[in-house]
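Here is a short tour of one helix and the charged pairs that involve it. Have the model open beside you as you read.

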Amino acid sequence: MKTYTKNIKTIFLLGIILTSLFGFTQSVDENRQRADKGYAIGDVVTDFKLKSTSGSFVSMADNRSVKGYIIVFTCNHCPFSKAYESRVMALDKKFASQGYPVIAINPNDPSAYEEDSFENMQAVAKAKGYTFPYLQDESQLTSKAFGVSRTPSVYVVKKEGDKFILQYIGGIDDNTQDANAVTKRYVEDAVNNLLAGRPVVGNFTKTVGCAVKWKGV
């Protein structure tokens, strides 16, 4: 009986060890997959030069006084993007003066949704009074480099010398439907930590939104 009990305990302990090892391996693999699909935390983000609704071309290097950027991949048609529109505007209002302005990028193929056409982007930016550039990623190369899969998705980058280092990937907050019921403000917390000279705690969160409409798919 003692031998049987001892064997059961041994099997149980081995199970815990194997589960832990498998879980660690799975976590590493997931992080590798995420990095393979796009930038990972700590990566240097390659600058882009995309057409703005103002008609000019915008890149991160244009503003030499910034401390970083809040890069939001969003669009016109997605109900999730619409739900967060005022919150994106609020982020720019709060943090642009502190060195972290918003750059919004539409990653979608406009042929999939007419609402996402450049002309309609211009109309929305004007009607809503966007205080930040709203860019069209016509080639979708920038969106693919970031690894964007859904709108809206946020990438916070910190400027270090002439480089931009990725500090946060994910959602804006924890409540899409009701801005007044938000309990966790992921992007605000990330930027506040960076402004205070602290590392970002919780630098990756799950993104909830509409799938990006890729060309030829």
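Helix α2 covers residues 79–95 of this predicted model. From its first C-alpha to its last, the 17 residues of α2 reach 25 Å, close to the 24 Å expected at 1.5 Å a residue. The helix is also bent: a kink of about 45 degrees is centred on E85.

Now for its surroundings. The buried residues of α2 are S81, Y84, E85, R87, V88, L91, D92 and F95. Their packing partners are the strands β3 (68–73), β4 (102–106) and β6 (150–151), together with the helices α3 (118–128) and α5 (186–195).

Next come the charged contacts. Side chains of opposite charge can pair when their charged atoms come close. The structure holds 4 salt bridges, among them the pairs in this table.

| Residue in α2 | Partner | Closest N to O |
|---|---|---|
| K82 | E115 | 3.1 Å |
| E85 | K128 | 3.5 Å |
| R87 | D173 | 3.0 Å |

Let's take them in turn, beginning with K82. Its side chain meets that of E115 in a salt bridge, at 3.1 Å from N to O. Because K82 belongs to helix α2 and E115 to the loop between β4 and α3, this pair ties together parts that are 33 residues apart in sequence. K82 is partly exposed, with a relative accessible area of 44%, and E115 is partly exposed at 35%.

The residue at the centre of the kink, E85, has a charged partner too: E85 and K128 form a salt bridge, with their closest N and O atoms 3.5 Å apart. E85 lies in helix α2 and K128 in helix α3, so the pair ties together parts that are 43 residues apart in sequence. Is each end of this bridge buried or partly exposed? E85 has 16% relative accessibility and therefore counts as buried, the cut-off being under 20%. K128, at 45% relative accessibility, counts as partly exposed.

That leaves R87. It forms a salt bridge with D173, and the closest N and O atoms are 3.0 Å apart. This pair links distant parts of the chain: R87 sits in helix α2 and D173 in the loop between β8 (163–170) and α5, 86 residues apart. R87 is buried, with a relative accessible area of 12%, and D173 is buried as well, at 10%.

Terms used: Residues numbered from 1 in each chain as written. Predicted model: local features only at pLDDT ≥ 70, side-chain atom pairs only at ≥ 80, totals over all residues. Heavy atoms only, no water. Helix = DSSP H or I, 4+ residues; strand = E, 2+ residues; numbered from the N terminus. Expected span 1.5 Å × (residues − 1). Bend = angle between axes of the 7 residues up to and from the residue. Buried < 20%, exposed > 50% of the residue type's maximum accessible area, 1.4 Å probe, protein only. Contact = heavy atoms within 4.5 Å.
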